[in-house]
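Here's a quick tour of one strand with its partners, followed by one pocket. Have the viewer open as you read.

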Amino acid sequence: MKDSTFITRVILKNYKSIAACDVQLGPLTFLVGRNGSGKSNFLDALRFVADALNFSLDHAIRDRGGINDVRRRSRGHPNHFSIRLEFTLPEGFAGHYAFQIRTRSSGGYEIQAEECSIQNKSCLTPEAYFRVESGTVTDTSTEVAPAAAPDRLYLVNASGLPEFRPVYDAFFRMGFYSFNPDKIRDIQDPDPGDVLLRDGSNLTSIFKQLSPTVKQDIEEYLSIIVPGVHSVEIEKLGSKETLAFRQNVVGDKHPWRFLANNMSDGTLRLLGILVALFQGNHDTQKRVSLVGIEEPEISMHPAMVGTLLDEFRHAAHKAQVIITTHSPDLLEDKHLDVDSILAVEAHDGNTIIAPVDDVSKSVVHDKLFTIGELLSRDQLQPDPAFVVSAQKAKQLRLFNFEKRNSNRAKNKEEH
């Protein structure tokens with residue numbers, strides 16, 4: 001599989017049910033675990049970054065119920081949460097973006113620290129970087145630094161600089177989906193945006209923007225999974241629009257035309273998933289860097305779910321794909337790479353995320369069981385060697401600049 005990986009590593013601290021995690025991601029990743037284990041909270045941490053850049057940090061926090069519903073509430077009462085994302089860019093650059101947000105005793109919140117570093121993959125020295133502490137830029141590679149504020153992510157301001165724009169765009173253009181068939185059925189207003197919304201409420205507009213080749217591929221796939229479906233069209237209804245499906249009807253020579261409000265939940269969710277996966281594929285400027293989909297199996301027949309794996313693999317050649325699921329049917333393929341699986345468990349209210357243990361890997365490699373069979377038997381366990389304990393959490397490095405600054409000071413003293 002072509003490596004489309006954008007986010008290579010995720011470190012979280014005190015985000016919702018996740019006390020700490022440190023995981024590697026590939027072009028296609030599945031998070032598996034029981035209901036309530038915390039799969040969605042991991043994906044939501046990535047969506048938090050996209051929301052804070054697309055809208056504002058205040059919107060991202062309010063949309064999740066406020067700062068006290070975002071930070072983890074546990075014994076010890078942590079007053080902050082932290083996110084670090086390590087990434088690669090198509091232009092041959094790599095780096096990291098990290099921030100820590102803490103609650104204020106008087107209420108509200110502030111960005112305690114935020115930093116970004118970008119470098120050529122063949123070079124160890126950052127070509128562009130910034131660090132902000134409590135609303136003050138303390139270190140930067142730019143001659144003229146934009147102003148900072150303690151309640152807004154600095155990357156938004158830095159996106160006006162050419163060296164940071166590709167990082168901003170890549171995080172900005174992540175898409176996360178939990179489709180609502182009723183929203184897809186609704187007659188929709190035309191949307192000038194070019195990224196599919198989380199619930200599918202602008203699906204008609206995004207489908208209209210797809211290239212003819214991508215539309216044809218989606219229609220062919222729908223015809224295989226949904227018997228009789230031939231095509232999907234746009235139906236104008238005054239100033240609004242909706243989707244129309246051409247479908248065979250027994251006894252009639254020509255396909256009938258059904259509007260979206262007459263189609264099943266499973267068909268509409270399937271169309272939403274396909275559009276999410278392949279949106280922007282014809283235009284590198286509109287390419288979606290990462291697609292996260294929650295429980296694609298909802299409302300779908302098991303046979304339909306099983307065939308989705310090929311589409312996820314196909315899409316992962318162009319964009320990174322992350323799926324949360326507890327469907328054995330989706331993971332039944334004996335050729336599915338067990339290294340693409342992250343096992344998620346909840347222990348005493350704490351979410352644990354790690355690659356599956358060596359026993360599970362051995363069983364899959366030896367073709368004794370498929371990943372789906374192990375999941376149905378509840379035998380996909382996190383590898384203890386990769387579980388972040390409380391002691392390991394203290395050693396996780398979220399920021400790089402303190403170390404780099406101390407090295408600078410040391411070099412000055414030596415010279």
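## A strand and its hairpin partner

Let's start with β1 and strand β2 (residues 18-24): the two pair in the antiparallel sense, with 6 bridges between them. Keep in mind that this is a predicted model. To find the pairing in your viewer, look for Y15, which sits opposite I18 in β2.

Together β1 and β2 make a hairpin, and 2 residues separate them. In that turn, check the backbone of K16: its phi is positive, at about 50°.

## The other neighbour

Strand β1 covers residues 7-15, and β4 covers residues 80-89. These two strands run antiparallel as well, joined by 6 bridges. Here R9 is the residue to pick out, as it stands opposite E86 in β4.

How much of β1 is buried? The strand is mostly covered, with 7 of its 9 residues buried. As a general point, side chains in a regular strand alternate between the two faces of the sheet.

## The second largest pocket

Now over to the pocket. The second largest one holds about 430 Å³ of space. Its lining counts 19 residues, and D51, F55, L196, L197 and R198 are the closest to the pocket's centre.

Which elements supply at least two residues each to this lining? Both α1 (39-54) and β9 (174-177) do. If you're thinking about the chemistry of the lining, the split by class is 9 nonpolar, 4 polar and 6 charged residues.

Conventions. Residues numbered from 1 in each chain as written. Predicted model: local features only at pLDDT ≥ 70, side-chain atom pairs only at ≥ 80, totals over all residues. Heavy atoms only, no water. 1 Å grid on protein atoms, 1.4 Å probe; cavity = no way out; pocket = protein on both sides within 12 Å on 5 of 7 lines; lining within 4 Å. Points joined across faces, edges and corners; volume = space filled by probe spheres on them. Helix = DSSP H or I, 4+ residues; strand = E, 2+ residues; numbered from the N terminus. Nonpolar A, V, L, I, M, F, W, Y, C, P; charged D, E, K, R; others polar. Buried < 20%, exposed > 50% of the residue type's maximum accessible area, 1.4 Å probe, protein only. Pairing = 2+ DSSP bridges.
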